[in-house]
Amino acid sequence: QVQLVESGGGWVQPGGSLRLSCVISGNTFAIEGWTWYRQVPGQQRETVAFINPRGSTAYEDSVKGRFTISTDNAKSVMYLQMNSLKPEDTAVYYCNIKPRVAWGQGTQVTVSS
């Protein structure tokens with residue numbers, strides 16, 4: 001059974017940076033992709049960034065050029081480097097894999113002055 005644990009969130013001023021991590025434990029043999037999502041209270045969870053086993057990435061339009069998704073060599077840790085943060089990036093960030101598994105607890109990112 002695969003488990004996900006996110007960390008790295010916090011409070012940052014606009015223009016600042018954070019790096020989120022997602023530790024993936026369990027049977028990771030059949031992972032077909034890694035995804036970061038975010039959710040604002042009262043809104044649907046949205047896809048932020050995706051990376052496939054070949055290293056190809058895709059990003060939600062509002063984060064292109066500011067966020068970078070990556071994994072470690074063992075593909076057991078996923079990262080989201082977030083630069084030039086904006087107040088509208090404030091949300092709870094979640095990771096998941098493809099095929100999707102149970103959600104972790106997420107990590108809160110707050111961008112404000």
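**Buried charges and a sheet in a predicted model**

Biologist: Is R38 buried or exposed in this structure?
Modeller: The model is predicted. A residue counts as buried when its relative accessible area is under 20%. The value for R38 is 6%, so R38 is buried.

Biologist: Which residue forms a salt bridge with R38 at 2.6 Å between the closest N and O atoms?
Modeller: Side chains of opposite charge can pair when their charged atoms come close. The partner in this case is partly exposed, with a relative accessible area of 30%. The residue 2.6 Å from R38, N to O, is E46.

Biologist: R38 also meets E60 in a salt bridge; how many residues apart in sequence are the parts that this pair ties together?
Modeller: The N to O distance between E60 and R38 is 3.9 Å, which falls within the 4 Å limit for a salt bridge. E60 lies in the loop between β6 and β7, while R38 is in strand β4, so the parts tied together are apart in sequence by 22 residues.

Biologist: Which residue forms a salt bridge with R66?
Modeller: R66 is buried, at 10% relative accessible area. The partner is buried too, with a relative accessible area of 1%. The closest N and O atoms are 2.7 Å apart, and the partner of R66 is D89.

Biologist: Which residues are linked in a network of salt bridges?
Modeller: The structure holds five salt bridges. Among them are R38 with E46, E60 with R38 and D89 with R66. The linked residues are R38, E46, E60, R66 and D89.

Biologist: Which strands stand at the edges of the open sheet?
Modeller: Six strands form this sheet, in the order β2-β10-β9-β4-β5-β6, with mixed pairing. An edge strand has a single partner, so one side of it is left without a neighbour in the sheet. The strands at the edges are β2 and β6.

Biologist: Which residue of β9 stands opposite T35?
Modeller: T35 is in strand β4, residues 33-39. β4 pairs with β9 in the antiparallel sense over seven bridges. The residues that T35 touches include Y94, C95 and N96. The one opposite T35 is N96.

Biologist: How many residues does the largest nonpolar core have?
Modeller: In soluble globular proteins, nonpolar side chains tend to be buried together. I24, W36, L80, M82 and Y93 have the most contacts inside this core, and its residue count is 26.

Note on methods
Residues numbered from 1 in each chain as written. Predicted model: local features only at pLDDT ≥ 70, side-chain atom pairs only at ≥ 80, totals over all residues. Heavy atoms only, no water. Helix = DSSP H or I, 4+ residues; strand = E, 2+ residues; numbered from the N terminus. Contact = heavy atoms within 4.5 Å. Pairing = 2+ DSSP bridges. Core = buried A, V, L, I, M, F, W, Y, C linked by side-chain atoms within 4.5 Å. Buried < 20%, exposed > 50% of the residue type's maximum accessible area, 1.4 Å probe, protein only. Salt bridge = Lys/Arg side-chain N within 4 Å of Asp/Glu carboxyl O. Lists of a residue's contacts leave out its neighbours within four places in sequence.
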